[in-house]
Amino acid sequence: MEKRIVLVAAIGTSPAVLTETVWALAHSKPAVVPSQVVVITTATGRARLDAELLSGKTAAWPALVAALKREKIPGADGLRFGRTDIRVLPDANNDEADDIRSAEDSMRAADFMLGVVRQYTEEPNTVVYSSIAGGRK
């Protein structure tokens with residue numbers, strides 16, 4: 001059975017980090033193209049992802065997928081990412097966080113991220129890649 005590849009990426013307010021990561025993986029030897037991309041971000045980050053990658057005529061995500069298909073990158077047809085794949089960090093009231101400002105926010109974010117990663121690592125035949133290039137470190 002072929003393994004499913006999931007990319008879990010932490011993204012701040014620069015959505016290009018996501019497209020650059022997918023591009024780099026797809027052009028590695030051997031090529032790695034996730035079947036699903038899951039992004040962990042803030043409410044502000046989600047708005048930027050939607051505006052820059054998913055909405056309108058200049059949406060970068062469809063352009064990325066089309067470019068990978070033109071290059072005949074194996075797996076490009078199955079590359080999936082959309083609004084339902086964005087996970088927004090919770091704040092202290094369990095609402096969507098706009099930012100991570102305190103040690104408590106950082107701990108809550110870490111717990112949330114671990115929960116998202118655990119969801120995919122517990123699936124049999126799933127390989128999880130991660131990117132923490134986006135956001136504050």
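Lys72 is found in the loop between H3 and S3, in what is a predicted model. Its backbone has a positive phi of about 55° although Lys72 is not a glycine, and the residue counts as exposed because its relative accessible area is 69%, where the cut-off for exposed is over 50%. Another residue of this kind is Asn94, found in the loop between S3 and H4, where phi is near 65°, again a positive value in a residue other than glycine. Asn94 is exposed as well, with a relative accessible area of 64%. Most residues other than glycine have a negative phi, and most peptide bonds are trans. The second part of that statement leads to Pro30, which is found in the loop between H1 and S2, and which is joined to Lys29 by a peptide bond that is cis, with omega near 0°.

**Accessibility of selected residues**

The table collects residues from several parts of the chain, with the relative accessible area and class of each.

| Residue | Relative accessible area | Class |
|---|---|---|
| Lys72 | 69% | exposed |
| Asn94 | 64% | exposed |
| Arg118 | 43% | partly exposed |
| Ser35 | 27% | partly exposed |
| Thr42 | 12% | buried |
| Ala97 | 4% | buried |

Ser35 lies in the loop between H1 and S2, the loop in which Pro30 is also found. Leaving aside neighbours within four places in sequence, Ser35 is in contact with Arg4, Ile5, Gly78, Leu79 and Arg80. The C-alpha atoms of Ser35 and Leu53, which are 18 residues apart along the chain, are separated by 17 Å.

Arg118 is found in helix H4, which covers residues 103-121, and at 43% relative accessibility it falls into the partly exposed class because that class lies between the limits of 20% and 50%. Between the C-alpha atoms of Arg118 and Val128, 10 residues apart along the chain, the separation is 9.8 Å.

**Thr42, Ala97 and the cavity**

Thr42 is found in the loop between strand S2 (36-41) and helix H2 (43-54), and with a relative accessible area of 12% it is buried, the limit for that class being under 20%. Not counting residues up to four places away in sequence, Thr42 touches Val88, Leu89, Ala97, Asp98 and Asp99. The contact with Ala97 leads to the loop between strand S3 (86-88) and H4, where Ala97 has its place. Ala97 is buried too, at 4% relative accessibility, and, with the same sequence neighbours set aside, it touches Thr42, Ala43, Val88, Leu89, Pro90 and Asp91. By contrast with these contacts, the C-alpha atoms of Ala97 and Val33, 64 residues apart along the chain, are separated by 30 Å.

Rolling a probe the size of a water molecule over the atoms shows where empty space is left. Here the count comes to 1 cavity of 30 Å³ or more, and the largest cavity has a volume of about 30 Å³. Which residues line the largest cavity? The lining is made up of Leu89, Pro90, Asp91, Ala97, Asp99, Ile100, Asp105, Arg108 and Ala109. By class, this lining has 5 nonpolar, no polar and 4 charged residues.

**Helix packing**

Helix H3 (residues 60-70) has its axis within 11 Å of that of helix H1 (residues 16-26), and the two axes cross at roughly 10°. H1 and H3 are therefore roughly parallel to each other, since angles under 35 degrees are classed in that way. From H1, the contact is made by Leu18, Thr19, Val22, Trp23 and Ala26, and from H3 by Trp61, Leu64, Ala67 and Leu68. By class, the contact of H1 with H3 has 8 nonpolar, 1 polar and no charged residues.

How do H2 and H3 pack, and at what angle? Their axes are 5 Å apart and the angle is about 50°, so H2 and H3 are oblique to each other. Glu52, Leu53 and Leu54 of H2 make this contact with Ala60, Trp61 and Pro62 of H3. By class, the contact of H2 with H3 has 5 nonpolar, no polar and 1 charged residues. Trp61 of H3 is listed both in the contact with H1 and in the contact with H2.

Note on methods:
Residues are numbered from 1 along each chain as its sequence is written. This is a predicted model: local features need pLDDT of at least 70, side-chain atom pairs count only at pLDDT 80 or more; totals for chains, interfaces and linings use all residues. Side-chain values use heavy atoms; hydrogens and water are left out. Axes are lines fitted to C-alpha atoms, for helices over the stretch in contact, and angles run from 0 to 180 degrees between N-to-C directions. Helices (H or I, at least four residues) and strands (E, at least two) are DSSP runs, numbered from the N terminus. Angles under 35 degrees count as roughly parallel, over 145 as roughly antiparallel, 65 to 115 as roughly perpendicular and the rest as oblique. Contact means heavy atoms within 4.5 Å. Ala, Val, Leu, Ile, Met, Phe, Trp, Tyr, Cys and Pro count as nonpolar, Asp, Glu, Lys and Arg as charged, and the others, Gly among them, as polar. On a 1 Å grid over the protein atoms alone, a cavity is a set of points where a 1.4 Å probe fits but cannot get out, and a pocket is an open set with protein on both sides within 12 Å along at least five of seven lines; lining residues have an atom within 4 Å of a point. Grid points are joined across faces, edges and corners, and a volume is the space filled by probe spheres set on the points. Buried means under 20% relative accessible area, exposed over 50%, partly exposed in between (1.4 Å probe, protein chains only).
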